[in-house]
Amino acid sequence: MSATSETVPAGRTRSSFGARVMIGLRFALLVLGAIISLLPFYYMIIGALQKQRDTSFLGLLPLPGNLTLDNFVGVNESLNLLQSLGNSLIMTAGVMGCTLVFGLLVGYALSILSFRGQGLVFALVLLVQAIPFQLLMVPLYVMVVRYFGLADTYVGMILPFAVNSVAVLIFRQYFMQIPKEIFDAARIDGAGEFTILRTIAVPLVRPAVLTAMLVTFIGPWNEFLWPFLVTKDASMQPLAVSLANFSQANSTFQDNPMGAVLAGACVLAIPAVVLFILFQRHFTSANLGSAVKG
């Protein structure tokens, strides 16, 4: 009998079959986990479109006769969605801008420069991550509102989040992967540190810039407690605070109070979802690169 007609061993056939079964089980578990994770978002969208609230299991099905956009109209009439969205965008953009500027400066100093107390500064950056923001909220409130008088201002909302320790660590990790000889050559040519940072370092860590922006965006965009404390003027409140006030005061005047609240939640979630979809590939590759390099 020729070599091509030899029978495949039974053990090898069973092992390949077992491998396919394991792959199928893993895929099924991943699909199940994805469905469970997306179910709250699906319920939020369906609940926002319901004319009458249906809490039964059949309420998860999009029945055409019970779908409407009146909930979005109702929440917009009770609070100015565009104004609240604008406040959220200004706060988020300010936090992201400060995060990039200070993150780049501190990350560059901790990884490229050499100065006395460098290890202590890095230890303090790590320590900040271990301290809950709630512990600092009272002294921050006294300092920002009482001493600086920044209540009902964008600066007052942005200031506590101006420096992000996670962004500092991201930039430090990326800067440490750049050969030091590049910076030494630039110094020999007479370039200053800010020039080196702007023209050499920043272009080489563009993935880190994008990662820091995406990581930073979610926090201030969804932030509720701090803006709630420092803003009493409704025209200055971001969308998360406006929705909380709406759910406590005005939602009961709607035909479907819970549907109106869910409609506002959809408006709040849309920018974050769109941003993630647009930059998913860059976000994933940057995170993987940072993990491997770290």
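**Exercise 1. Two helices that cross**

Within how many Å do the axes of helix 3 and helix 7 come, and at roughly what angle do they cross? Then classify the pair, give its handedness and sort the residues that meet.

*Solution.* The model is predicted.

Step 1. Two packed helices are described by the angle between their axes and the distance between the axes.

Step 2. Find the two elements. Helix 3 covers residues 81-111, and helix 7 covers residues 165-175. Their axes come within 8 Å and cross at roughly 45°.

Step 3. Classify the angle. Angles under 35 degrees count as roughly parallel, and 65 to 115 as roughly perpendicular. The value for this pair is roughly 45°. Helix 3 and helix 7 are therefore oblique to each other.

Step 4. Add the handedness. Helix 3 passes helix 7 in a right-handed crossing.

Step 5. List who meets whom. Helix 3 brings T99, L100, G103, L104, V106, G107, Y108, L110 and S111. Helix 7 answers with A167, V168, F171, R172 and F175.

Step 6. Sort these residues by type. Nine are nonpolar, four are polar and one is charged.

**Exercise 2. Buried or exposed?**

Decide for N87 and for R206: is each one buried or exposed?

*Solution.*

Step 1. Place N87. This residue sits in helix 3.

Step 2. Apply the cut-off. Buried means under 20% relative accessible area. N87 has 3% relative accessibility, so N87 counts as buried.

Step 3. Look at what surrounds N87. Set aside neighbours within four places in sequence. N87 is then in contact with Y154, S235, M236, Q237 and P238.

Step 4. Place R206. This residue belongs to helix 10, which spans residues 206-222.

Step 5. Apply the other cut-off. Exposed means over 50%. R206 has a relative accessible area of 59%, so R206 is exposed.

Step 6. Check a distance. R206 and Y174 are 32 residues apart along the chain. Their C-alpha atoms are separated by 9.6 Å.

**Exercise 3. The whole protein**

How many helices and how many strands does the protein have? Describe its burial, contacts and surface too.

*Solution.*

Step 1. Count the elements. The protein has 14 helices and zero strands. Read along the sequence, the pattern is α-α-α-α-α-α-α-α-α-α-α-α-α-α.

Step 2. State the burial. The protein has 294 residues, and 34% of them count as buried.

Step 3. Turn to contacts with a separation of 6 or more. Residues 24 or more positions apart account for 74% of these.

Step 4. Finish with the surface. The accessible surface comes to about 17600 Å². Carbon and sulfur atoms hold 70% of that surface.

Definitions and conventions. Residues are numbered from 1 along each chain as its sequence is written. This is a predicted model: local features need pLDDT of at least 70, side-chain atom pairs count only at pLDDT 80 or more; totals for chains, interfaces and linings use all residues. Side-chain values use heavy atoms; hydrogens and water are left out. Helices (H or I, at least four residues) and strands (E, at least two) are DSSP runs, numbered from the N terminus. Buried means under 20% relative accessible area, exposed over 50%, partly exposed in between (1.4 Å probe, protein chains only). Contact means heavy atoms within 4.5 Å. Accessible areas come from the Shrake-Rupley method with a 1.4 Å probe; for residues, only the protein chains shown count as cover. Axes are lines fitted to C-alpha atoms, for helices over the stretch in contact, and angles run from 0 to 180 degrees between N-to-C directions. Angles under 35 degrees count as roughly parallel, over 145 as roughly antiparallel, 65 to 115 as roughly perpendicular and the rest as oblique. A crossing is left-handed if the near helix is turned anticlockwise from the far one by less than a right angle, and right-handed if clockwise. Ala, Val, Leu, Ile, Met, Phe, Trp, Tyr, Cys and Pro count as nonpolar, Asp, Glu, Lys and Arg as charged, and the others, Gly among them, as polar.
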